[in-house]
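Q: Please take a close look at the surroundings of the ligand, and describe what lies there for someone who has not met this structure before.

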Amino acid sequence: MKPNKFVNLIAGLATAFALPLILLIIIPFVRQSDSVPIHYPEGQEVEGGVAAYPDATLYRFGSSDFGAQVYAAEGCAYCHTQVIRPTYAGPDMWRPGWGGREEEGLARETQPLDYTLEEIAPLGYQRIGQDLSNVGHRITTRELMHQHLLNPKEIDPDSGMPAYKHLYQMSPFGKGWEPTAKAEALVDYLLSLKKDQPLPEVAGTKG
Ligand code: HEC
């Protein structure tokens, strides 16, 4: 290879990697990195909304912050995403329950603001299981959520989800399993996953 061709190749490769890096990672990162929760302006409250979004008291309760760490450590994000894609990029909004409360007309795509209070935003990159952005609306009791973690095959014999038995311990008399603190925190976190609160218009979207 002649030297100038080699230089061209390197320059071409550099551009091919640099462009997507700048457009898809660096620019969005810089634009979103100073996001703060926003208050609903007086007189502009949206039906079904809260005083500020994301609402720290509603969105994060109990030990769910620790639960988010358990979620990250257990690798849930290898199989589950937490982003409802815009319809031009996929059929997420047509999948029942994914976008949130459909019957109340509140289902929506995920917005960058939804992640404002999250220390770790586990977007995920592949969907072996469902998207969990709004799983707190689909599975609403602690019992069902624990059952799903302890023994997914009991709910659906064909389930491809691994059993997270190490988050549970045998109860003292050998009758069944008891959740550890990690399992309780994880369930707090999962029940809190509701990324469908209506946004005020200042966020650039309608509710
Ligand atoms: C190897 C891939 C895989 C991993 C890792 C995984 N899951 Fe799953 N998960 C699935 C699949 C497949 C389903 C759908 C079948 C089912 O409902 O059991 C599912 C379903 C679920 C559901 C029910 C969703 C619904 O809408 O009904 C919840 C909740 C869930 N997973 C939570 C978790 C959590 C929390 C973790 C980490 C501790 C985790 N998953 C790790 C594959 C996985």
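A: Helices here are DSSP runs of H or I with at least four residues, numbered from the N terminus. The model is a predicted one, and the part to look at is the space taken by the ligand, which is the second largest pocket. The elements that give two or more residues to the shell around the ligand are helix 4 (135-138), helix 5 (142-150) and helix 7 (181-191), and of these helix 5 gives the most, with 3 residues.

The shell around the ligand can also be read by class, with 13 nonpolar, 7 polar and 2 charged residues. Of the 22 residues around the ligand, those that come nearest are C76, C79, H80, S159 and M161.

Some of the surrounding side chains place an N or O atom close to an atom of the ligand. In the side chain of S159, such an atom is 2.4 Å from an oxygen atom of the ligand, while in the side chain of H148 an N or O atom is 3.0 Å from a ligand oxygen atom. For H80, the ligand atom concerned is a nitrogen, and it is 2.8 Å from an N or O atom in the side chain.

Two of the helices named above appear again in the largest nonpolar core, which has 21 residues: helix 3 (64-73), helix 5 and helix 7 are the elements that give two or more residues to this core, and helix 7 supplies the largest share, 6 residues. Among the residues with the most contacts inside the core are Y71, V135, M145 and L149, together with L186, Y189 and L190.

Definitions and conventions:
Residues are numbered from 1 along each chain as its sequence is written. This is a predicted model: local features need pLDDT of at least 70, side-chain atom pairs count only at pLDDT 80 or more; totals for chains, interfaces and linings use all residues. Side-chain values use heavy atoms; hydrogens and water are left out. A residue is near a molecule or strand if one of its heavy atoms lies within 4 Å of it. A polar contact is a pair of N or O atoms within 3.5 Å; within protein, one must be able to donate a hydrogen and the other to accept it, and residues adjacent in sequence count only if both atoms are side-chain atoms. On a 1 Å grid over the protein atoms alone, a cavity is a set of points where a 1.4 Å probe fits but cannot get out, and a pocket is an open set with protein on both sides within 12 Å along at least five of seven lines; lining residues have an atom within 4 Å of a point. A molecule sits in a cavity or pocket if more than half of its atoms lie within 2 Å of its grid points. Ala, Val, Leu, Ile, Met, Phe, Trp, Tyr, Cys and Pro count as nonpolar, Asp, Glu, Lys and Arg as charged, and the others, Gly among them, as polar. A nonpolar core is a set of buried Ala, Val, Leu, Ile, Met, Phe, Trp, Tyr and Cys residues joined through side-chain atoms within 4.5 Å. Buried means under 20% relative accessible area, exposed over 50%, partly exposed in between (1.4 Å probe, protein chains only).
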